[in-house]
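Q: I would like a close look at one part of this model, namely its charged side-chain pairs and the spaces that they border. Please give the cut-offs along with the values.

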Amino acid sequence: MEYYDFIIFIFFASIFSGQFFPADLSPFWKTLNTYGVFAIAYFMRPVGGVIMAHFGDLIGRKKMFTLSIVLMALPTLCIGFLPTFDHIGYAAPILLMLMRMLQGIAIGGEIPGAWVFVSEHVPKNRVGIANGMVTSGLTLGILLGSLIALLINSYFSKADIADYAWRIPFIVGGLLGFVTVYLRRYLHETPVFKEMQERKTLNQGLPIATVWQHHKPAILISILATWLLTAGIVVVILFAPELMKSELFKIPAKVALTMQSLTIVALACGCIFTGRMCDLFGAGKTFMAMCTGLAICSSVFYHSIGHVDYVTLAMMYAVTGFFVGIVGGVPFIMVHAFPPNIRFSGLSFSYNLSYAIFGGLTPLFLGIVNKINPLSGSYYVLFLSIMGVFCGIYLLRIRSKLI
């Protein structure tokens, strides 16, 4: 639910563009401003991640894991009731930006917290598949957003969506978020953290300072792995349907969203598969194989848009989505890269810093370069897939028993 709350914004970006900015603003600047509001949440992720991870390493994983969902549910619900530009003028986009900032702070602690929390509850030979399942759950949040967007576009006219129906997904997401808050009351603190408490081996001082001073190689590999993750999720999963719906290819919105939904299911399966492969063969070999598959399949998919029938294109998109499942192996690397007493801080800092830079700037970057070459996303994914192969080679060379 938390990832659904965070990501649903992008499915209604065109609505926000028209509802929260002046009518006389050019389409280019409306789009740029809208994606800027979307991106601001990414830039706030390191703030939330560092703060929550700090206390997560000092006072416990569970408390921060619960706080993050509260910070997500409230602003999501508020977005569903925000007045538009016609009602309160420039205060509308400012309030929207503030809500997105709060969402960014929340998600900054949520995802690293989930990976650490689960990793410290399962046996060591199940860390990969456990995190693959967690990451699969995150992708299903995108699927839920896609399905909700499909339902809204199916049952409401464009005028009704612009008038009021766009609010429904945010209200539903905010309310269901509080159900998650209730469920998290029944979680228990991780055995690893309890053991550190008993042995008095919790980090003294600032965990983030220890991370920065003594774990720079772990930070670097974590940042590169997260950069690959942003390419898979933001470019292939979120923005490919926008490319298909564009004036260049004119694939109907319902068809593109249906393809996206099938691809997210394939992605969820790919995350679990990748996690299990990491447990069995290590992250090095898994990254080399999956990233090679992603490079090939994504290139074929992008260059087939507009040249093959919808069924064939949907199959190509789904296979590409399965290889995007390499993102399920990213937490496996990061969890093992940092020792337990600074694990939350190290993972959170690296992940959120990378996502803030690359995840936040990618929509703006693609919005500009797509005007020059609509298939620029394909080359971006290809480049990062090759980088992922080299990351796999590096992991093999260091011969770590863990990764």
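Which residue's side chain meets that of Arg343 in a salt bridge, and what is the N to O distance?

A: The partner is Glu120, and the N to O distance is 3.1 Å. A salt bridge here is a side-chain nitrogen of Lys or Arg within 4 Å of a carboxyl oxygen of Asp or Glu. The model is predicted, with pLDDT of at least 70 needed for local features and 80 or more for side-chain atom pairs, while totals for chains, interfaces and linings use all residues. Residues are numbered from 1 along each chain as its sequence is written, and side-chain values use heavy atoms, without hydrogens and water.

Arg343 belongs to helix H17 and Glu120 to the loop between H6 and H7, so the pair links parts of the chain 223 residues apart. Helices are DSSP runs (H or I, at least four residues), numbered from the N terminus. Glu120 is buried at 3% relative accessible area, and Arg343 is also buried, at 13%. Buried means under 20% relative accessible area, exposed over 50%, and partly exposed in between (1.4 Å probe, protein chains only).

The count of salt bridges is 3. Another one joins Lys245 and Glu242, with the closest N and O atoms 3.2 Å apart. Both residues lie in helix H12, 3 residues apart, about one turn of the helix. Lys245 is partly exposed at 28%, as is Glu242 at 34%. In helix H13, Asp279 and Arg276 are likewise 3 residues apart, and their side chains meet at 3.9 Å, N to O. Here Asp279 is buried at 18%, whereas Arg276 is partly exposed at 25%.

The Lys245 pair also borders open space. The largest pocket has a volume of about 1,500 Å³, and among the 44 residues that line this pocket, Ser14, Tyr35, Glu242, Lys245 and Ser246 are the closest to its centre. A pocket is an open set of points on a 1 Å grid over the protein atoms alone, with protein on both sides within 12 Å along at least five of seven lines; lining residues have an atom within 4 Å of a point. Grid points are joined across faces, edges and corners, and the volume is the space filled by probe spheres set on the points. H12 gives the most to this lining, with 8 residues. The lining divides into 27 nonpolar, 12 polar and 5 charged residues, where Ala, Val, Leu, Ile, Met, Phe, Trp, Tyr, Cys and Pro count as nonpolar, Asp, Glu, Lys and Arg as charged, and the others, Gly among them, as polar.

Key
On a 1 Å grid over the protein atoms alone, a cavity is a set of points where a 1.4 Å probe fits but cannot get out, and a pocket is an open set with protein on both sides within 12 Å along at least five of seven lines; lining residues have an atom within 4 Å of a point. Helices (H or I, at least four residues) and strands (E, at least two) are DSSP runs, numbered from the N terminus.
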